[in-house]
Amino acid sequence: MSDLKTIYHTLSSDPFPQSMTITLGDQELRFEKRTWRIDGEERGLRYGENPDQPAALYALAQGGLELDGVSFRGADEGLVSALTEDHMLQAGKHPGKINLTDVDNGINILQYLSAKPAAIILKHNNPCGAAWNDQGLETALQNAFWSDRIAAFGGTVVVNRTIDASSAAFISSSYFEVVAAPDYAPEALETLKKRKNLRILRIPGLAELETLAHKPYLDVKSLVDGGLIVQFSFRNRIRDAADFLPATAERDGVLVQARTPNAAEMDDLLFAWAVEAGVTSNSVLFVRNGATVAVGTGEQDRVGCVQLTMHKAYTKYADWLCFTEQGISLYELQAQAETDQEARARLENIQNRTQAAKGGLPGSVLVSDGFFPFRDGVDLAVAQGVTAIAQPGGSIRDHEVITAVNQADPQVAMVFTGQRSFRH
């Protein structure tokens with residue numbers, strides 16, 4: 001067992017060359033390998049996806065790319081790949097691939113959320129909690145954390161505002177692996193550094209993400225035969241409530257149109273669609289008051305994804321009640337209830353309250369990264385008290401889906417995004 005633990009604390013060998021050049025037609029991109037001197041040792045990535053996978057991080061150093069009249073992000077616009085030792089305010093161990101790709105996906109989401117203080121907590125390259133609001137960063141952090149306290153354990157925190165003392169105190173009250181921010185107040189940094197294994201990253205560009213949001217990057221997917229698929233990165237077309245499209249459809253000469261969301265619903269849908277850009281497909285998100293209630297990721301069917309995301313909402317709500325009232329997790333209480341009658345009574349009380357509250361879903365909005373092929377997923381969401389839905393539209397059954405929200409009492413709103421947001 002000691003040998004198995006050792007692999008997680010060992011730097012992998014690095015056979016990768018110092019530079020890499022990609023030539024696309026007559027345009028050339030030159031990349032330089034990123035290394036850091038930490039504890040007297042000059043090394044690059046700790047390892048890749050897993051400890052037995054050597055890996056290297058390359059930063060664009062020279063050249064630019066323009067395709068179809070669109071300019072891509074250039075060498076002077078680096079974020080995670082531009083990290084130096086000076087940005088690693090506390091390095092911990094040499095960073096691994098997962099540490100940096102979690103930060104990167106947090107940035108991917110935050111680029112569309114510049115208008116308010118926002119916080120993303122990620123695990124395994126998916127957000128487990130996200131929030132924004134006008135009250136400040138600490139409130140956003142708290143709301144993101146309580147969206148899924150269990151999954152947040154050992155996660156990565158990425159924010160778009162300077163971390164102040166109170167925000168640092170909240171972060172330090174739980175276990176996280178990485179925190180990334182545009183900057184830190186001196187007293188905040190002092191607090192965070194008491195967590196010796198916490199990687200603390202200062203990424204100044206996090207304060208200026210709105211300047212990059214309209215520019216794509218070259219997205220490269222590798223095939224198992226060594227082939228490559230290159231594509232323009234996803235660009236969110238929904239930047240303002242006015243960018244949503246009315247949900248309308250016609251069948252047999254009959255036109256149906258959904259209710260337009262009110263201002264509060266629109267704000268939540270706008271936030272939810274931005275978060276959706278960083279969620280593995282097939283996915284749906286429930287959001288209420290600027291915070292995720294539940295995030296469903298990577299499912300194969302749309303209605304099943306809605307069902308599982310509802311289940312997550314109920315579980316996280318029950319855990320929130322249990323932890324805030326009794327100081328233990330829902331799973332610890334369930335274990336106690338197997339042999340303790342008093343614990344069983346407490347568990348039943350929490351379960352009953354969770355059912356009565358429908359897992360905190362009433363009043364929430366729902367976004368879906370792909371259209372609803374049938375009305376079944378919408379019917380499930382409406383039954384939980386969802387008040388508004390955003391989805392791409394374009395299904396041959398849009399008429400049935402819109403009818404579903406129109407038949408709800410009270411009537412549920414729906415808008416189309418006019419684009420799909422798949423991420424694989």
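In the predicted model, the lining of the largest cavity divides into six nonpolar residues, one polar residue and one charged residue. About 50 Å³ of space lies in this cavity. Its lining is formed by Met88, Ala91, Pro95, Asn99, Leu100, Val178, Arg199 and Leu201. Helix α2 and strand β13 each supply at least two residues of that lining. The count of cavities of 30 Å³ or more comes to two.

The second largest cavity has a volume of about 40 Å³. Lining it are Cys128, Ser147, Asp148, Val293, Ala294, Val295, Lys312 and Lys316. By class, these lining residues divide into four nonpolar, one polar and three charged. Strand β20 (291–296) and helix α8 (302–326) each contribute at least two residues to the lining of the second largest cavity, and β20 gives the most, with three residues.

The elements around the largest cavity were examined next. Helix α2 comprises the 14 residues 97–110; at 1.5 Å a residue it should span 20 Å, and its end C-alpha atoms are 20 Å apart, so the expected and modelled spans agree. The helix is mostly covered, with ten of its 14 residues buried. The buried positions are Asn99, Leu100, Asp102, Val103, Asn105, Gly106, Ile107, Asn108, Ile109 and Leu110. Two of the residues in this buried set, Asn99 and Leu100, also appear in the lining of the largest cavity. As a general point, an α-helix has 3.6 residues a turn, so residues three or four places apart point the same way.

Strand β13 (residues 199–202) is paired with two other strands, β8 and β12. With strand β8 (residues 88–90), β13 runs antiparallel, and two bridges join the pair; within this pairing, Gln90 has Ile200 of β13 as its bridge partner. With strand β12 (residues 176–181), β13 pairs in the parallel sense over four bridges. Ile200 of β13 is also the bridge partner of Val179. Between β12 and β13 the chain passes through helix α6 (residues 186–192), and this β-α-β crossover is right-handed. Both Arg199 and Leu201 are among the residues that line the largest cavity.

An open site was also identified. The second largest pocket has a volume of about 450 Å³. Its lining consists of 21 residues, of which Tyr47, Ile98, Asn99, Glu177 and Arg199 are the closest to its centre. The elements that give two or more residues to this lining are α2, β9 (118–123) and β11 (155–159). The largest share, four residues, comes from α2. By class, the lining of the second largest pocket holds five nonpolar, eight polar and eight charged residues. Asn99 and Arg199, named among the residues closest to the centre of this pocket, are also listed in the lining of the largest cavity.

Two of the strands that contribute to the pocket, β9 and β11, are paired with one another: they run antiparallel and are joined by four bridges. In this arrangement Ala119 stands opposite Val159 in β11. Strand β9 also runs antiparallel to strand β10 (residues 126–132), to which six bridges join it. One of the bridge partners in that pairing is Asn126 of β10, which stands with Lys123. The two strands β9 and β10 form a hairpin with two residues between them, and His124 in the turn has a positive phi of about 55°. Five of the six residues of β9 are buried, so this strand is largely enclosed by the rest of the structure. In general terms, the side chains of a regular strand alternate between the two faces of the sheet.

Helix α7 was analysed in the manner used for α2. For its 14 residues (residues 263–276), a rise of 1.5 Å a residue should give a span of 20 Å; the end C-alpha atoms are 20 Å apart, which agrees. The helix is mostly covered, since eleven of its 14 residues are buried. The buried set comprises Glu265, Met266, Asp268, Leu269, Leu270, Phe271, Ala272, Trp273, Ala274, Val275 and Glu276.

Technical notes
Residues numbered from 1 in each chain as written. Predicted model: local features only at pLDDT ≥ 70, side-chain atom pairs only at ≥ 80, totals over all residues. Heavy atoms only, no water. Expected span 1.5 Å × (residues − 1). Buried < 20%, exposed > 50% of the residue type's maximum accessible area, 1.4 Å probe, protein only. Pairing = 2+ DSSP bridges. Right-handed = clockwise from strand over helix to strand, strands pointing away. 1 Å grid on protein atoms, 1.4 Å probe; cavity = no way out; pocket = protein on both sides within 12 Å on 5 of 7 lines; lining within 4 Å. Points joined across faces, edges and corners; volume = space filled by probe spheres on them. Nonpolar A, V, L, I, M, F, W, Y, C, P; charged D, E, K, R; others polar.
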